[in-house]
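Visitor: I am new to this structure and would like a close look at a single part of it. Could you take me slowly through one sheet and whatever is packed around it?

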Amino acid sequence: MRRMPGVLIVEDEPAIAELISVNLKHSGFRPVWAMDGATAQAELDDVLPDVILLDWMLPGESGLMLAKRWRAHPRTKSVPIIMLTARGDEVDRVAGLDAGADDYMAKPFSTKELLARIRAVLRRRAPEQDASVVTIGDLSLDPSTYRVTYRAEPLKLGPTEFKLLHYLMTHAERVHSRSQLLSSVYVRLWVWRDKWWIPCVVLVIG
Ligand code: CA
């Protein structure tokens, strides 16, 4: 079962956001709408989308500033950004791309073309994505967001449980020894204490 790609729409005009959202849902995407930068930031802190559609003119921080900030941040730097804006001049398109946008669409735009462009940016980052999201049946695990869902319901797992589940899902239908599991989840070290080398384990998170 393939996970529906998430699209964060950062757009202050509800009619445009609604139009994009309806078209995305029809095409198998999972849209989330944020009407300004602060709301979008809260969404990104929670779950990373597969693509961000970013309007330039927003209340508060502009789309251009947001693109620059998200590109500079380790958590968001590899999420593709498509800028949507009424500012279609060459100088603006160049500024948008220089800020870190992967693509640029001037309003008014065709929703068909927008969907094609979203699919294109997803194809460009597909190898990275395939390596990160693991889905078996109704269970889905995304290491980039530390999110695990079963039948679309989020599960709460501790770091060790997450690591162990990731190992088992990426090495399915095999028997694993205790030491294999431990070495996949822990790094074992020897430490010198009171004239003895003692084995210890260090938890690897991420
Ligand atoms: Ca706007």
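Guide: What follows starts from the parallel sheet and moves outward to the helices, the metal site and the loops, before turning to the other sheet for contrast.

Please keep in mind throughout that this is a predicted model. The sheet to look for is an open one made of five strands, which stand in the order β2-β1-β3-β4-β5 and pair in parallel fashion. At its edges lie β2, residues 30-34, and β5, residues 103-106, each of which pairs on one side only. Going from strand to neighbouring strand, and ignoring direction, the turn averages 20 degrees. As a general point, the strands of a sheet pair through backbone hydrogen bonds, and they do so either parallel or antiparallel. A good place to see the parallel kind is the pair formed by β1, residues 6-10, and β2, where five bridges join the two strands. Within that pair, L8 has V32 of β2 standing opposite.

Helix α3, residues 63-72, packs on this sheet, where the helix touches β1, β3 (51-55) and β4 (81-85), and the direction of α3 makes about 150 degrees with that of β3. Helix α3 also has a helix as a partner, since α2, residues 37-46, packs with α3 at an angle of about 20 degrees, the axes being 11 Å apart. An angle under 35 degrees counts as roughly parallel, and α2 and α3 are therefore described as roughly parallel to each other. Their crossing is right-handed. On the α2 side the contact is made by G37, A40, Q41 and L44, and on the α3 side by L66, R69 and W70. Sorted by class, the residues of this contact are four nonpolar, two polar and one charged.

A second pair of helices is worth setting beside that one. Helix α1, residues 14-26, packs with helix α5, residues 111-124, at an angle of about 60 degrees, and their axes are 11 Å apart. That angle makes α1 oblique to α5. The crossing in which α1 passes α5 is right-handed. L19, I20, N23 and L24 of α1 meet T111, L114, L115 and I118 of α5 in this contact. Here the division is six nonpolar residues, two polar ones and no charged ones.

Return now to the loops that follow the strands, where a calcium ion is found with three protein donors, namely D12 (OD), D55 (OD) and M57 (O), at 2.1 to 2.3 Å from the ion. Read along the sequence, these donor residues are spaced D-x42-D-x1-M. D12 belongs to the loop between β1 and α1, while M57 belongs to the loop between β3 and α3, so this pair of donors ties together parts that are 45 residues apart in sequence.

Two backbone details deserve a pause, and a general remark prepares for both: most residues other than glycine have a negative phi, and most peptide bonds are trans. The peptide bond from K107 to P108, however, is cis, with omega near -5 degrees. P108 sits in the loop between β5 and α5. The other detail is R151, a residue other than glycine whose phi is positive, near 50 degrees. R151 is part of the loop between β8 and β9, and that loop leads us to the other sheet.

This other sheet is also open, but its four strands, in the order β6-β7-β8-β9, pair in antiparallel fashion. Its edge strands are β6 (134-136) and β9 (153-155), each pairing on one side only. From one strand to the next the twist averages 25 degrees. Strand β8, residues 147-150, is joined to β9 by three bridges, the two running antiparallel. In that pair, V148 is placed opposite L155 of β9. Helix α7, residues 159-170, lies across β6, β7 (139-142) and β8, and runs at about 115 degrees to β7.

Note on methods. Residues numbered from 1 in each chain as written. Predicted model: local features only at pLDDT ≥ 70, side-chain atom pairs only at ≥ 80, totals over all residues. Heavy atoms only, no water. Pairing = 2+ DSSP bridges. Axes fitted to C-alpha atoms, helices over the stretch in contact; angles between N-to-C directions. Contact = heavy atoms within 4.5 Å. Parallel < 35°, antiparallel > 145°, perpendicular 65-115°, else oblique. Left-handed = near helix turned anticlockwise from the far one by under 90°. Nonpolar A, V, L, I, M, F, W, Y, C, P; charged D, E, K, R; others polar. Donors = N, O, S within 2.8 Å, 3.2 Å for Na, K, Ca; no water.
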